[in-house]
Every structure is written in C-alpha cells, then in structure tokens.
There are 2 protein chains.
Amino acid sequence: MLLDDLRTQLGEDQLVTDLDVMESFAHDEAEWAPYGKPVAVVRARTAEDVQTVVRLCIEHRTPVIARGAGTGLSGAANAVDGCVILSLERMDKVLEVDPLERLAVVQPGVVNDHLRAHVAEHGLWYPPDPASSPWSTIGGNLATNAGGMCCVKYGVTREYVLGMQLVTGTGELVRIGRRTAKGVAGYDLTGLLVGSEGTLGIATEITVRLRPLRAEEITVAGFFDSLVAAGRAVEAVAAAGLTPSALELVDRNCLKAVDDWRNMGLSTDAEVVLLGRTDVPGEAGRAEADRLVQCFTEAGAGFAVRSEDSDEGDALFAARRLAYPALERLGPLLTEDVCVPKAQVPEMLGRIEEIGRRNDVLIATLAHAGDGNLHPMMLTPPGDDEQKRRSLAAFDEIIAAAIELGGTVTGEHGVGVLKLDGLATEQAPEVLDLYRAVKRALDPHGILNPGKAIPS
Amino acid sequence: MLLDDLRTQLGEDQLVTDLDVMESFAHDEAEWAPYGKPVAVVRARTAEDVQTVVRLCIEHRTPVIARGAGTGLSGAANAVDGCVILSLERMDKVLEVDPLERLAVVQPGVVNDHLRAHVAEHGLWYPPDPASSPWSTIGGNLATNAGGMCCVKYGVTREYVLGMQLVTGTGELVRIGRRTAKGVAGYDLTGLLVGSEGTLGIATEITVRLRPLRAEEITVAGFFDSLVAAGRAVEAVAAAGLTPSALELVDRNCLKAVDDWRNMGLSTDAEVVLLGRTDVPGEAGRAEADRLVQCFTEAGAGFAVRSEDSDEGDALFAARRLAYPALERLGPLLTEDVCVPKAQVPEMLGRIEEIGRRNDVLIATLAHAGDGNLHPMMLTPPGDDEQKRRSLAAFDEIIAAAIELGGTVTGEHGVGVLKLDGLATEQAPEVLDLYRAVKRALDPHGILNPGKAIPS
C-alpha cells in the first residue's frame with residue numbers, strides 16, 4: 001500500500017524496487033555494520049518529493065532513511081527492514097552564490113568538491129574537506145557534521161551551515177536559520193540538525209557560509225621512527241601556539257598501500273610521516289613553516305623539511321587522501337574515529353600500537369593529528385573470521401582507551417550504528433535521556449532514521 | 001512554603017527577600033521591558049545550590065530565572081511575578097586553563113573581561129567581546145550567544161562554547177559537550193543551550209575554546225558625510241574580499257555624547273566614523289589596512305587614515321565602547337539590534353534615518369557594521385510620554401524594514417521579551433512550533449524562564 005501510494009504520488013522513474021539496485025542503496029561504507037532490506041528507494045528531485053515521501057511514511061508508520069553518496073563510515077545511512085531509502089543525489093544544483101555575503105545555497109546532493117570548485121570561481125572557499133570530498137554530498141556532510149583536514153584551523157561543517165530548508169518529522173517543509181552574518185532569533189535548530197544523521201529532519205536546501213580563497217599553502221613534512229614520536233611532535237605544535245592549516249599523520253602501512261596501488265614513489269623508510277601546512281600569507285607564513293619544522297625536529301623527526309613547491313606538497317597530501325581507498329582494496333577495513341585531547345595524542349598512539357600487537361591485528365593509522373582525531377584502521381583478510389573477531393576486539397579496546405584518556409568515541413564519522421554502545425559508555429544516562437527527549441519532540445512518529453545516532 | 005524550603009536547604013546569606021534589593025535583581029537593562037516581582041533572589045555559590053533551587057521550583061511549579069550581571073538588552077532576565085531569581089554572580093572562578101588544548105573551564109559568573117585578562121597570561125585569547133565585557137558574565141554571554149566587535153572575523157559565543165555542566169529542566173546535574181577539538185557523539189545540545197536565554201537549562205560550569213593571542217592590530221578610521229556613504233564603504237569592504245578584525249560604525253550623536261561626558265576631544269565634524277581593524281601580522285596586515293583605507297575613500301570618505309599607533313586606535317575604539325553608557329546618561333534609550341545582509345547595509349542605514357525623521361525621534365546609531373548588525377538607539381527625554389510613543393513606533397518600523405530587507409530582528413541581543421513579536425513576524429508558525437516542541441522536551445514542567453526567547 002505504501003508502494004502504491006509512492007507510485008501514485010511520485011514519478012515512476014523516481015522509484016526503485018529492483019532488489020539488486022536497492023541493495024546498493026541499503027548501506028554506507030562502514031564495514032560489518034548491519035543493514036536491512038528497504039521496501040523502496042526513492043530518488044527525489046525536489047523538496048516537494050521529499051515532503052511527499054515523509055508524509056506517506058508518517059501515514060504508513062514506515063521508517064525513512066535519507067542518504068547522499070553513501071560514503072559514511074558509521075552505518076548511519078544503513079537500511080532497516082521495511083524502510084524507504086530516500087536518495088538525494090539527484091538534487092545536485094548549486095542554486096546561488098552570493099560573493100558579497102560570502103554564502104552559497106545548494107541542494108543536498110551537491111558533491112563537496114563540486115561546491116568547492118564552483119565557489120572558487122567567485123574567489124571563495126568552502127573549507128570542510130572530508131577525505132570523501134570527491135564523492136560525498138553536502139547533505140551527507142551536514143547529516144554527519146563532516147570534518148576533514150582543514151578543521152584543525154577552520155572548524156567543521158556545523159561552523160559553515162547558516163540555515164536550511166528541511167522537511168520535519170511532522171512532514172512540514174520549513175526554513176530555519178538565517179542568511180545574515182549574525183542572528184539569535186529563536187533556538188539554534190540549524191546547529192542541532194547538523195550531525196543528527198537524518199534523525200531529526202531532512203535538509204532539502206542548505207545555506208553555507210564561505211571564506212575568501214586562501215594564500216598558497218606551504219607544506220612541511222616530518223619523518224619519524226615511531227607513532228609516539230610523531231605524537232610528541234603534534235603535542236609540541238600545540239604547545240608552541242601554532243595553528244597550522246593542516247596537521248596530518250600517515251603511517252607506513254598507509255603509505256605502502258598507496259604506493260603499491262598508485263606507484264607514487266613514496267618513501268616508506270620512516271615509520272610515520274607527519275604533514276603540516278600553513279596558509280598564513282607572506283613572511284609570517286614562512287616563519288610558521290619554520291617553526292613547524294623546528295617542532296618536528298625537536299620531537300625527534302629523523303628528517304623534516306619545508307616545501308614551498310606546491311606540487312610536492314600536493315603529492316604528499318594526495319597520498320594521504322588516497323590512503324583510505326588504497327587500504328580498502330586489501331580487504332575489509334574497520335575504521336576507528338576516536339578523538340582525544342592533544343596532550344594525549346602520544347599516549348593514545350602508543351596504546352593503539354599496543355592494542356594491535358596484543359590482538360595480533362594489523363592496524364594502519366591515519367590521523368587528523370592536530371585535532372587529536374585518530375583513524376586507526378583494522379585490516380582483515382577477506383573471509384578470515386578469526387581475524388575479524390580480533391579486529392572487532394581491537395576496535396572496542398581503542399574506544400575504551402580513548403574514553404579513559406578524556407576523549408570521545410567519534411570525532412567526525414558519527415555514531416550511526418557502530419558507535420551506539422560507545423556513546424552510551426562515554427556519556428551519562430541523563431544525557432542520553434535528553435537526546436531521546438529532543439528526538440521525540442522533533443520526530444514524534446519515530447520514522448526518521450530510527451535506531452541511529454542515539455541509543456533507542 | 002517555597003520560601004521555607006529555600007531557607008531550609010540553602011544558607012540564609014544566599015537568600016534575598018528584601019523588596020528593594022530584589023527590585024535591583026528583577027530586570028536587565030532593556031528599556032521599558034516589563035518585569036514582575038520575584039518571591040526570592042538566590043545568590044548561588046555552587047552547582048548543587050542551582051540544582052536545589054531548580055528542584056524546589058519544579059516541586060512548587062515556580063518559574064526560575066537565572067541571571068548574571070543583568071546587562072542584557074532584551075529583558076531576557078526580567079522577573080515574572082512570583083518567580084525565583086537565581087543570581088550566578090558569586091560563581092565567579094576560572095577553574096582551569098589548558099594552554100595546550102586551548103580551553104578554559106569557568107563558572108558562569110566569571111566576568112568576560114576577567115576571563116580575557118586571565119587567559120592572556122597564558123598567551124591565549126577569548127574572542128567574544130560584547131560592549132558589556134567589563135561587567136557581563138560568561139554565563140550571560142552563553143545565555144544570549146553574545147557577539148561583539150571581533151565577531152566579524154572570529155564569530156560569536158556559540159563558536160567558543162565546547163561544553164558545559166548544567167542543571168536541566170528536570171533538575172538533573174549533567175555534563176554535555178566535550179573537551180576535544182572535535183566530537184560528534186550525540187546531538188549538539190551545547191549549541192542548542194547557547195542563546196536559549198535560560199529557557200532550556202542553566203549552565204553551572206562552562207568550557208570555552210580559546211585562541212592564541214593575536215598580533216597587534218592596525219586601526220583605520222574613515223570619516224563620512226552620511227550614514228549611507230559609510231554603509232557603501234562597508235559593502236565595498238565585503239566586496240573586496242577583506243576580513244577586518246573589526247568594522248564598527250559610530251555616528252555623530254554617539255561621538256558627541258561620549259565627548260560631552262569624557263571630554264576626549266573627538267572630532268564631530270563628520271556625520272559618521274567607520275572604524276576598521278586588521279590583525280593580520282606583518283606586511284600582509286599593512287596591505288590589508290591600506291585596502292581598507294582605499295575602500296573607505298572610494299565609497300566617499302572625506303578623510304580616511306591608517307594608524308599603527310595603538311594608543312590612537314585604542315582611543316577611537318574606547319569612544320565606540322563608551323557610546324552606549326554615554327547615551328544612557330541622557331535618558332531612556334531604546335536599543336535596536338537588527339542584522340541585515342551586508343549588501344543591504346546602505347539601504348538599511350538610509351531607512352533608519354528616514355524613520356527617525358518621519359517619527360521625529362533622535363536616533364543615535366552604533367553598528368557592528370561589517371556584520372550588518374546595526375544598533376540604532378532611540379533617545380527619549382525622561383518623562384516625555386509622547387516622545388516615548390514615537391520612539392516605540394520607530395522601533396517597530398526598524399524591525400519591519402530589517403525583515404523586509406532579508407534580515408533578522410536580533411543579531412546578538414536576543415529575543416527576551418522585546419522581540420517576541422518580531423520573532424513571530426520573522427519566522428514561520430511551523431518553526432515556532434518546533435521551538436515549542438524543543439522547549440517542552442527539555443523543560444517539561446515549564447519552569448525555566450517561561451515566556452522568554454520564544455512565543456509561548
């Protein structure tokens with residue numbers, strides 16, 4: 001009956017019911033996260049389509065799960081049995097760029113890199129840059145409050161979303177937020193929606209804040225013998241009062257995977273590479289780069305160098321960006337996303353190594369190190385169930401260690417389904433009750449991506 | 001009975017019931033905003049005191065209104081009849097400064113300038129700087145999402161609050177938010193609480209993000225013959241892609257009031273002064289200052305000059321800061337707080353002049369011009385009821401004009417009671433319903449500052 005209603009009220013070409021095609025829409029990229037079977041996938045073209053789907057799902061008390069490109073890593077967009085998957089990829093237009101107010105209005109299906117390229121033509125810059133930026137959409141970035149490499153200096157998605165049009169849990173199509181630089185009229189529902197993983201509303205149009213394009217960046221690379229030494233360099237950068245525009249850590253396992261795949265001639269002599277960048281213009285930028293080199297060296301880098309040649313810097317950062325897909329080629333990849341205080345980065349990196357050794361798991365580590373946001377990745381040969389068990393054990397131990405060190409179970413990937421237990425361990429029962437109260441308030445019928453983001 | 005319970009459960013010296021003393025706690029600085037009579041004022045010393053008060057108020061179904069220094073300008077902290085006023089001024093300790101993680105943990109009664117001075121000793125900086133910073137508290141700044149002069153480059157209070165301990169509407173004492181640079185575990189209740197004017201919870205401890213101290217600023221001053229010409233300069237600065245660290249507008253009425261009071265020898269030949277600052281270090285900063293001068297000149301400044309002498313720059317900014325108290329000396333002052341898109345700043349300034357002329361009201365205008373956040377102030381001689389009526393009419397017309405130009409009724413002062421009608425005009429009924437749903441979810445007994453921030 002729901003299917004009949006969807007068919008009647010939407011165009012036939014917007015509805016997917018083929019089982020194989022639906023399967024490809026039924027999950028994101030989180031390894032081993034459970035997912036169910038949808039009854040239909042709707043490929044919406046307009047906000048009104050989204051409203052129609054939500055209203056029918058309310059009527060039929062059917063879960064509706066919005067998704068963008070499906071590059072998430074926590075299972076937030078995974079299907080539950082009997083749900084409708086609402087794909088927003090076709091809503092992919094940049095509707096407006098306002099250079100003077102420094103904002104853009106986009107549909108949720110606009111790809112992150114596409115937006116970045118589009119606004120660059122106006123001399124503007126959209127900072128949040130998750131590693132998925134060639135594929136992931138602004139709607140998905142909003143739903144997960146996506147981070148990236150620039151966050152260490154420029155903040156995450158929430159800091160760039162000014163307002164949105166959304167379909168609410170009661171099926172209304174409304175606008176929240178603002179277009180002005182400042183505004184305090186009403187509660188900050190916009191910030192609340194960002195990172196809510198489609199559980200409180202579905203954005204159909206998004207107004208994002210932009211910055212002017214930056215000065216050319218200078219890249220600094222440091223090569224270290226151990227994760228812990230690289231962690232000490234991260235701590236030293238923070239202690240020196242520096243604010244690099246990126247501070248990324250890539251271990252040898254990552255570099256090797258990229259080199260095996262793309263043959264980039266990367267050195268894998270060192271155990272870890274730390275990549276820093278500064279975008280401060282002029283002499284002050286060169287001075288900041290020199291201070292980064294100094295921090296790296298004093299923390300024990302075997303070799304540290306500043307490169308003003310942007311091609312060389314870009315190659316190192318390209319390797320960092322390619323690390324995730326390069327590792328995925330080798331087998332199921334369980335990706336962690338803990339974030340710890342900067343002073344705990346050396347300790348946490350040491351614990352990750354120790355957890356890998358003790359559980360006999362190969363862990364490759366990438367990190368937005370300057371934020372304390374670490375992505376240890378457990379590699380498992382395909383089909384090796386015993387190894388899978390050990391990888392899952394390591395995953396849980398890493399979460400426990402991060403919480404013990406004053407950190408959080410998820411820095412930027414979100415709770416989805418993979419971190420529901422971790423969230424309940426990290427935060428007080430009374431706080432979980434507050435989340436549930438907010439969820440009931442904004443999704444009174446309980447149809448918006450139920451069972452995700454917060455423990456039911 | 002409530003009084004008896006308060007007396008039993010709190011120390012006698014924490015309870016104020018003297019009518020005259022209570023009167024001074026019963027309102028903020030919003031002119032002509034209605035306020036009622038509290039049954040008691042509690043001067044809390046600890047989070048547990050706050051919890052005790054909230055629990056008793058739940059039990060007795062009595063409104064509880066938290067307040068800091070009472071410098072608000074929208075009546076958000078005003079008493080309603082029969083309420084308990086909960087003063088947090090005695091909770092005034094900076095509990096921790098973590099230079100490496102760049103954060104501070106403070107009690108809500110810490111004065112803004114005190115925090116700024118305290119963290120400066122660690123080479124750190126707390127940016128939000130409302131004009132009330134010598135008196136207003138971080139708790140009050142949180143409740144109103146306070147802005148200030150730096151916001152044009154560094155954002156408002158919400159961007160600096162990482163987490164808090166709070167007493168909820170159900171009387172629980174909980175911690176929300178984080179201490180790490182990033183974190184997406186759970187809904188963003190922290191951001192939701194910021195700017196909620198004590199209607200969703202009462203913060204008892206606040207973790208704020210800090211930045212490194214900045215380079216010395218360079219000040220640029222431009223003198224204009226008309227508000228509209230100064231507005232064109234603001235537009236030109238935005239169009240040039242500049243991001244000054246302040247861009248403030250002060251009209252002749254403001255300068256004259258300051259000079260009459262403090263005899264600072266300020267020039268009042270010009271109709272309007274525009275004050276810009278840059279904190280970009282080195283040659284790039286000097287270049288930005290020169291470009292500001294150029295924007296001012298091209299927009300029609302009679303005179304525009306860059307000053308690297310920080311005393312001279314500080315004097316001009318001191319005059320800007322003193323404008324509000326200087327004007328308050330002259331009589332009741334009705335302060336507007338609209339915020340419009342930057343392209344509309346010249347038009348909005350023109351309309352303010354026209355509204356003043358048509359209603360025969362003397363309007364002095366201050367503005368965080370670079371944000372489009374304008375503070376026209378209606379001056380009324382004490383006791384002149386006819387003039388008061390005209391001032392109130394001008395107030396309403398300014399709100400209507402701001403909404404018409406795509407702006408908001410409040411850029412930084414908040415809704416309180418003065419902007420409840422404006423909020424309902426600006427935003428859709430469905431959005432007001434979302435606010436009410438959130439309010440009911442987090443304040444199920446309806447005791448937290450009822451009737452403020454959102455229309456009941």
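Helix 10 of chain B is followed by Gly300(B), whose phi is positive, near 110°; helices (H or I, at least four residues) and strands (E, at least two) are DSSP runs, numbered from the N terminus. This is a predicted model, in which local features need pLDDT of at least 70 and side-chain atom pairs count only at pLDDT 80 or more, while totals for chains, interfaces and linings use all residues. Residues are numbered from 1 along each chain as its sequence is written, chains are lettered from A and ligands numbered from 1 in the order in which they are written, and side-chain values use heavy atoms, with hydrogens and water left out.

The 17 residues of helix 10 (residues 282-298) of chain B should span 24 Å at 1.5 Å a residue, which agrees with the 25 Å between its end C-alpha atoms; the expected span is 1.5 Å times one less than the number of residues. Gly285(B), Glu288(B), Ala289(B), Leu292(B), Val293(B), Cys295(B) and Phe296(B) are the buried residues of this helix, where buried means under 20% relative accessible area (1.4 Å probe, protein chains only). They cover an arc of only 160° around the axis, which puts them on the same side of helix 10 of chain B; the arc is that of the directions from the helix axis to the C-beta atoms. These residues pack against strands 12, 13, 14 and 15 and helix 8 of chain B.

In chain A, an open sheet of seven strands has the order 15-12-14-13-17-18-16, with antiparallel pairing; two strands pair if DSSP finds at least two bridges between them. Strand 15 (303-307) and strand 16 (333-335) of chain A stand at the edges with a single partner strand each, so one side of each lacks a neighbour in the sheet. Two bridges join the antiparallel strands 13 (residues 246-251) and 17 (residues 362-368) of chain A, and Val250(A) stands opposite Leu366(A) in strand 17.

Two helices of chain A pack on this sheet, with contact meaning heavy atoms within 4.5 Å. Axes are lines fitted to C-alpha atoms, for helices over the stretch in contact, and angles run from 0 to 180 degrees between N-to-C directions.

| Helix (chain A) | Strands touched (chain A) | Angle |
|---|---|---|
| Helix 10 (residues 282-298) | 12, 13, 14, 15 | about 5° with strand 12 |
| Helix 13 (residues 385-404) | 16, 17, 18 | about 165° with strand 18 |

Gln387(A) lies in helix 13 of chain A and is buried, with a relative accessible area of 8%. Among the residues that Gln387(A) touches are Asp360(A), Val361(A) and Leu379(A), not counting residues up to four places away in sequence.

Key. Buried means under 20% relative accessible area, exposed over 50%, partly exposed in between (1.4 Å probe, protein chains only).
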